[in-house]
Amino acid sequence: MSAIDLPRARRLAFGVVVSQAVVSVVAAVCALGIAGRLAALSALAGGAIATLGSLAMAGLVFGGAAGGAQRALNRFYAGEALKLAVVVVLFVVVLKVMRVAPLAMFAGFAATFPVYWVALLAALPTVSGARRGA
């Protein structure tokens with residue numbers, strides 16, 4: 001078993017946030033070409049909601065000093081709770097303040113999800129590398 005490389009984990013978490021922001025802009029540009037300005041702004045808003053939720057979680061989890069395993073686990077739980085709260089609040093605010101194209105907004109939000117899978121796959125050791133360490 002190996003310890004977590006905290007600086008690498010921090011870079012990975014904030015890399016996910018930056019990648020989600022890029023995906024949000026790409027989704028907005030695609031929506032602009034397909035359905036126009038309202039759809040583009042809606043897709044950008046949906047992507048921004050997901051990105052800001054991830055930023056809040058990463059900031060809480062990796063923003064403080066390192067601690068023991070229990071403290072790290074508690075920070076992840078708190079981070080997930082904060083992320084959920086940020087996402088819910090931002091959806092409510094966007095739906096009350098903006099005129100949106102709902103499908104484009106949810107598509108922009110959903111477009112950010114594959115970023116997690118790509119980051120996870122990139123961060124996992126290869127099977128052969130895992131066997132060598134055993």
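Start at Ser 24, a residue of helix H1 in what is a predicted model. Setting aside neighbours within four places in sequence, Ser 24 is in contact with Leu 44, Gly 47, Ala 48, Thr 51 and Thr 112. Its relative accessible area is 3%, so Ser 24 counts as buried.

Pick Gly 47 from that list of partners and look back the other way. Gly 47 belongs to helix H2, and with a relative accessible area of 0% Gly 47 is buried too. Beyond four places in sequence, Gly 47 is in contact with Ser 24, Gly 108, Phe 109 and Thr 112. For a backbone view of the H1 side, take the C-alpha atoms of Gly 47 and Val 25: they are 22 residues apart along the chain and separated by 7.8 Å.

Now zoom out to H1 as a whole. H1 has 30 residues and reaches 43 Å from its first C-alpha to its last, close to the 44 Å expected at 1.5 Å a residue. Which residues of H1 are buried? They are Ala 13, Val 16, Val 17, Gln 20, Ser 24, Ala 27, Ala 28 and Ala 31. If the spacing of those numbers looks familiar, recall that an α-helix has 3.6 residues a turn, so residues three or four places apart point the same way. What the buried residues of H1 pack against is H2, H4 and H5. Just after H1 comes Gly 36, with a positive phi of about 105°.

With that helix in view, here's the overall layout. The secondary structure comes to six helices and zero strands, which reads α-α-α-α-α-α from the N terminus on. Along its principal axes, the C-alpha trace spans about 55 × 30 × 15 Å. The chain has 134 residues, and 30% of them count as buried. Of the contacts with a separation of 6 or more, 71% are between residues 24 or more positions apart.

Next up is H3. This helix has 29 residues and covers 41 Å from first C-alpha to last, close to the 42 Å expected at 1.5 Å a residue. The buried residues of H3 are Arg 75, Gly 79, Lys 83, Val 86, Val 87, Phe 91 and Val 94. H2, H4 and helix H5 (113-123) are among what covers them. Leu 84 also sits in H3, but is Leu 84 buried or exposed? At a relative accessible area of 57%, Leu 84 is exposed. Its C-alpha and that of Ala 48 are separated by 14 Å, with their positions 36 residues apart along the chain.

Several of those buried H3 residues turn up again in the largest nonpolar core, which is made of Ala 45, Ile 49, Ala 50, Val 87, Phe 91, Val 94, Val 100, Met 105 and Phe 109, nine residues in all. H2, helix H3 (69-97) and H4 each give two or more residues to this core. Apart from this core lies another, of six residues, including Ala 13, Val 17, Met 57 and Val 61. As background, nonpolar side chains tend to be buried together in soluble globular proteins.

To see the larger core from the inside, follow Met 105. Not counting residues up to four places away in sequence, Met 105 touches Ser 42, Ala 43, Gly 46, Phe 91, Val 94, Leu 95 and Val 100. Phe 106, in helix H4, is partly exposed, with a relative accessible area of 43%. The C-alpha atoms of Phe 106 and Val 92, 14 residues apart along the chain, are separated by 13 Å.

Last, the empty space. Rolling a probe the size of a water molecule over the atoms shows where empty space is left. The second largest pocket holds about 160 Å³ of space. Its lining consists of Ala 27, Cys 30, Ala 31, Ile 34, Ala 35, Ala 39, Ala 43, Leu 103, Ala 104, Ala 107 and Gly 108. Helix H1 (6-35), helix H2 (37-62) and helix H4 (102-111) each supply at least two of these residues, and H1 gives the most, with five. By type, the lining divides into 10 nonpolar residues, one polar and no charged.

Technical notes. Residues are numbered from 1 along each chain as its sequence is written. This is a predicted model: local features need pLDDT of at least 70, side-chain atom pairs count only at pLDDT 80 or more; totals for chains, interfaces and linings use all residues. Side-chain values use heavy atoms; hydrogens and water are left out. On a 1 Å grid over the protein atoms alone, a cavity is a set of points where a 1.4 Å probe fits but cannot get out, and a pocket is an open set with protein on both sides within 12 Å along at least five of seven lines; lining residues have an atom within 4 Å of a point. Grid points are joined across faces, edges and corners, and a volume is the space filled by probe spheres set on the points. Helices (H or I, at least four residues) and strands (E, at least two) are DSSP runs, numbered from the N terminus. Ala, Val, Leu, Ile, Met, Phe, Trp, Tyr, Cys and Pro count as nonpolar, Asp, Glu, Lys and Arg as charged, and the others, Gly among them, as polar. A nonpolar core is a set of buried Ala, Val, Leu, Ile, Met, Phe, Trp, Tyr and Cys residues joined through side-chain atoms within 4.5 Å. Buried means under 20% relative accessible area, exposed over 50%, partly exposed in between (1.4 Å probe, protein chains only). Contact means heavy atoms within 4.5 Å. The expected span of a helix is 1.5 Å times one less than its number of residues.
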